[in-house]
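Subject: Structure handover

Hello,

Here is the structure for you to load. My notes on it follow below.

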Amino acid sequence: MKVLVVEDEPAIRESLAYSLKREGYAVEVAATLAEAEEKLTDVALVILDLMLPDGSGFDLLVGLRRRPRAPAVIVLSSRDSEADRVAGLETGADDYIVKPFSPREVMARVRAVLRRSSAATEVATTPVIPLTTDPETRRASVSGVALELTRVEFDLLHCMLTARGRVFTRAQLIERLWGDNFAITDRTVDSHVKALRRKVADAGGAPGLIETVRGVGYRVSDSEGVSVEPSEGL
Ligand code: CA
């Protein structure tokens with residue numbers, strides 16, 4: 001699997017490249033956004049610094065999220081603010097690492113992110129509820145209407161959809177989507193669920209598709225208990 005390290009500080013870039021190669025990954029490096037754009041082919045994961053000489057890593061992240069089969073992204077930044085972390089994750093990053101970091105920590109995150117992104121390859125559909133997620137193309141739809149989801153929203157929906165009816169606690173969703181990331185709070189999960197619900201509703205999906213189970217967490221309803229809009233009376 002190929003990993004692209006986008007970082008303008010040579011010492012950090014080389015140390016990451018060294019650690020990744022030692023773990024058996026193929027590695028490409030880039031010092032600028034422009035260079036990164038040219039090296040994205042067949043990359044499974046991008047480790048992305050946010051402050052680069054020719055712009056913000058966020059710009060690359062936003063562009064990547066529009067592509068089918070986009071690589072996973074771990075954002076690197078020296079800015080340790082909650083706002084940046086949330087922005088990074090809402091823009092579609094899979095994980096977030098604040099500098100300074102240990103190579104060991106980064107490798108653990110790399111393994112976790114790659115395991116998650118290659119794990120679920122099954123297309124999830126519901127028999128009664130017309131929700132579909134296809135992890136190969138990263139496309140999701142409700143009643144055939146495409147949903148424009150961030151990576152996190154997609155993973156959240158896919159995770160709940162492949163085990164519909166099952167209730168996931170926020171802690172379980174955090175574990176599934178982010179691994180051992182202490183930066184992620186229950187509130188982050190709630191805000192992603194809220195955004196996901198709004199998008200499903202905007203696309204014509206029933207509001208009750210993603211249920212809140214009070215005091216426990218969330219689930220995608222199975223057939224019972226979901227009010228699918230009746231098609232009669234057209
Ligand atoms: Ca930098």
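P100 sits in the loop between β7 (95-98) and α5 (103-119). The peptide bond that leads into P100 from K99 is cis, with omega near -5 degrees. Bear in mind that this is a predicted model.

A second loop is worth a look. D42 lies between α2 (33-38) and β3 (43-49). D42 is not a glycine, yet its phi is positive, at about 60 degrees.

Now the parallel sheet. Five strands make up this open sheet, in the order β2-β1-β3-β6-β7, and the pairing is parallel. At its edges are β2 (26-30) and β7, each paired on one side only. Neighbouring strands are turned by 20 degrees against each other on average, direction ignored. Strand β1 (residues 2-6) runs parallel to β2, and 5 bridges join the two. For the register, take V5: its bridge partner in β2 is V29. Helix α3 packs on this sheet and touches β3 and β6 (72-77). The direction of α3 makes about 155 degrees with that of β3.

Next, the antiparallel sheet of β12, β13 and β14. It is open, has 3 strands and follows the order β12-β14-β13. The edge strands are β12 (168-169) and β13 (210-213), and each of them pairs on one side only. Between β13 and strand β14 (residues 217-220) there are 4 bridges, in the antiparallel sense. V213 stands opposite G217 of β14. Helix α6 (residues 151-161) lies across β12, β13 and β14. Its direction is at about 75 degrees to β14.

Then come two hairpins that share β10. Strand β9 (residues 131-134) pairs with strand β10 (residues 139-142) in the antiparallel sense, over 4 bridges. Here T132 has S141 in β10 as its bridge partner. The hairpin has 4 residues between the strands, and R138 takes a positive phi near 60 degrees. On to the second hairpin: β10 pairs with strand β11 (residues 145-147), again antiparallel, over 3 bridges. A140 stands opposite L147 in β11. This hairpin has 2 residues between its strands. S143 takes a positive phi there, near 50 degrees.

Finally, a pocket. Which residues are closest to the centre of the second largest pocket? They are R65, R66, R138, E148 and L149, out of 21 lining residues. R138 is thus a name to note twice: it also has the positive phi in the hairpin of β9 and β10. The volume of this pocket is about 470 Å³. Two or more lining residues come from each of α3 (57-65), β10, β11 and α6. So what is the make-up of the lining by class? It has 9 nonpolar, 4 polar and 8 charged residues. Which domains contribute to the lining? Domain 1 (2-119) and domain 2 (124-220) each give at least three residues.

If you set up a calculation, these are the places to find on screen: the cis bond from K99 to P100, the positive phi of D42, and the second largest pocket with its lining from both domain 1 and domain 2.

Best wishes

How values were computed. Residues numbered from 1 in each chain as written. Predicted model: local features only at pLDDT ≥ 70, side-chain atom pairs only at ≥ 80, totals over all residues. Heavy atoms only, no water. Pairing = 2+ DSSP bridges. Contact = heavy atoms within 4.5 Å. Axes fitted to C-alpha atoms, helices over the stretch in contact; angles between N-to-C directions. 1 Å grid on protein atoms, 1.4 Å probe; cavity = no way out; pocket = protein on both sides within 12 Å on 5 of 7 lines; lining within 4 Å. Points joined across faces, edges and corners; volume = space filled by probe spheres on them. Nonpolar A, V, L, I, M, F, W, Y, C, P; charged D, E, K, R; others polar. Domains from an automatic or database assignment.
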